[in-house]
Amino acid sequence: MTLAIVLAADPAAGHLTEPGRPAGEPLTERLAAQWRRAGADDVRIAADLTELADLVAAATGPVLVSGADLVAHTAVLKHLATSPVGPTVALVLTDPPAPGQATVREERGQVVEVDAVDATGVFGGALRVGAADLPALADAARRAAGAAPDAPDARLTDPASAPGVGATDGGPRNAVDRLVADLAARGTLIFAQRVRLLVAHRVGDEAQRAAAEAAVAAVDEDRAELKLSVKERDDFFTTFFVSTWSPYVTKAAARIGIGPTGVTMVSVAFAVAAAVLFGAGGRLALVAGAILLYLGFVLDCVDGQLARYTRHFSAWGGWLDTMADRFKEYVVYAGLGFGATHAGFRYGWALALAAMTLQTVRHMTDTWYGALHDEAARRPKVVTADAGGIGGKLNAASTRVQADTGSVSYWLKRTVVFPIGERWALIAIAAALFGPLVALVAVLVWGTLAFAYTGGLRTLRARWMRVPVMATVDAGLHRDDGLLARTLPTARRPLLLAVLGALGAAGTLVWALLAVHGGGDLPVFVPVLALVLLLGAAQASRAPHDGSLDWLVPAALRAAEYLFAIAVGVAGRAPAWLIFGYVLVLTLHHYDLTARLEKRQAAPPLHAATLGWPARSVLLAIGLIAGYASIALATMTAYLFVVFVASVVLAWVVLPARARGGVRSPG
């Protein structure tokens, strides 16, 4: 249940009047009606901060709070109420701050400081507070109202004396601004909701109100919302070859009632059909596959646009979108690998495996570098240190390029990293014109260069940031270590050990390829030695991950496990499609972990049943040494796939139903 509270304590609430109503009547009722249209289940008007604190203390779900001086499209309030970026979100405007209004500084979509010298916006007078932050909001309201004289921090009892809490101009702080300033001073994670294309202004007199209402009336709200469904910043191919016409598809889908999940499923079907056509070969099939792949990518964009346009967000939808994107891409790799092999190239499946492994490891670095940047944004003093070093110069240069939207350097920077739109476009064009083999080689070459480019720059910037992001999470979970790693002695230097494990697995794979190519067998000591290195990496599971480059550990471990599994399959002469299937199931499991990290979800319900990468590697090694590598791979593939499906059903069907009381607990 969502509660909306209009705070009538601000000075503006007493003298702004609704046209046609008795003079002196406050505008609070107007905002209350807008909150109802924005989807709030219950709307209250609080006379002061003490009453607001009492309402918040009794709330059980998200709380929406606004002052009485906000004139905005209802869509602005709806976007704030339904924002998927985080549980606690503040409206941020570009208007010049008026007396009593808080300015804010944002980094990576987070409000990292209130009343900063280098402010990037002004607080818009409205915020959504997640359930976990409600106690902090209630306490902040009581402190701001002067109801907590025995507060442990006297500066927060008197908001004007706390850093970042007093008004920038020395005047009295508006009530709702005191709340957001207090929350920020406590370290509450607050995300920023910017207003784009729509209108929102905080007003202080009748002239400002009239001007704001005229600006609201001048904008077609629905048309603006459709434009807002398109990401503000996207990659080159998506911006110019998809988003120019995908909003029409989004509008049509909304009219006929297709939801984002339905569009995602159609997109998956298109990608699977494209993979089948790529595997079949023949010019007509390749061209048709390329067209289907392009249309599938358009629908992949439409599902997100439709969610933003209809404001139908859910944790399930976000998770499904992430998982479907990876499944579609890797199924296409499988189709290309089969097609290249069918056309006479011996190593078609090997190229497909290489492309999938490379892309997964890249995505792991993307995920954790993003987490590193988010953590750095919450630590501005660490980020600004050593600004003259090479990392600081690279950071400043990157910021300048990103700010110069539309320039050649901006588009080059966004394209060279080989994002998904460019990957799908390259696959479609190369497959249609030259065939599956060229498409796979092109993906591998560009992907490798992009990985080297981004990896080098990110490493330099991460050393400059010096933020131990892996130390802020459950490292054992995201390393995917399992029970075996927790029973081994603890060793330090997790990144070094992970890299050694990956190098050992890579060396084993090279040796296996040479042995099989020469008609021989892989010596037993080679996989045993590689396994020793892998178990050495597992020993760092409980060690502190506080190094500036330890965010690379998950990617190194993924590379180590995948390369070792491929080496086992090659040495055991397992079918190439079976090796691909095993690694594909592993990638789904690991993308599940990263999707949950990005969406701030709990661990998968059956995570322990996946055994962990050290135990999986040991079982495969035993199968190889015993002469049953194919059986070991097939058994592990089937087992992990069943566990993955069962975990998905539990996480998204059974457990939510039980939470709603729809399913009885066993016994």
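Which residues of helix α1 (residues 28-37) are buried? In this predicted model, local features need pLDDT of at least 70 and side-chain atom pairs count only at pLDDT 80 or more, while totals for chains, interfaces and linings use all residues. Residues are numbered from 1 along each chain as its sequence is written, and side-chain values use heavy atoms, with hydrogens and water left out.

The buried ones in α1 turn out to be T28, L31, A32, Q34 and W35. Looking down the axis of α1, these residues fall within an arc of 160°, so they line one face of the helix. Here, buried means under 20% relative accessible area (1.4 Å probe, protein chains only), helices are DSSP runs (H or I, at least four residues) and strands are too (E, at least two), numbered from the N terminus, and the arc is that of the directions from the helix axis to the C-beta atoms. The cover over this face includes β1 (3-7), β2 (42-46) and α3 (74-82). After α1 comes G39, with a positive phi near 110°.

Now for the cores, meaning sets of buried Ala, Val, Leu, Ile, Met, Phe, Trp, Tyr and Cys residues joined through side-chain atoms within 4.5 Å. The largest nonpolar core has 120 residues, and F278, Y333 and F580 touch the most other members. Helix α24 (residues 553-571) supplies the largest share, 15 residues. Another core, of 35 residues, lies apart from it and has V63 and A140 among its members.

Over in helix α13 (residues 315-342) sits A340, which is buried at a relative accessible area of 3%. Leaving out residues up to four places away in sequence, A340 touches F345, G348, P436 and L437 (contact means heavy atoms within 4.5 Å).

Note on methods:
Buried < 20%, exposed > 50% of the residue type's maximum accessible area, 1.4 Å probe, protein only.
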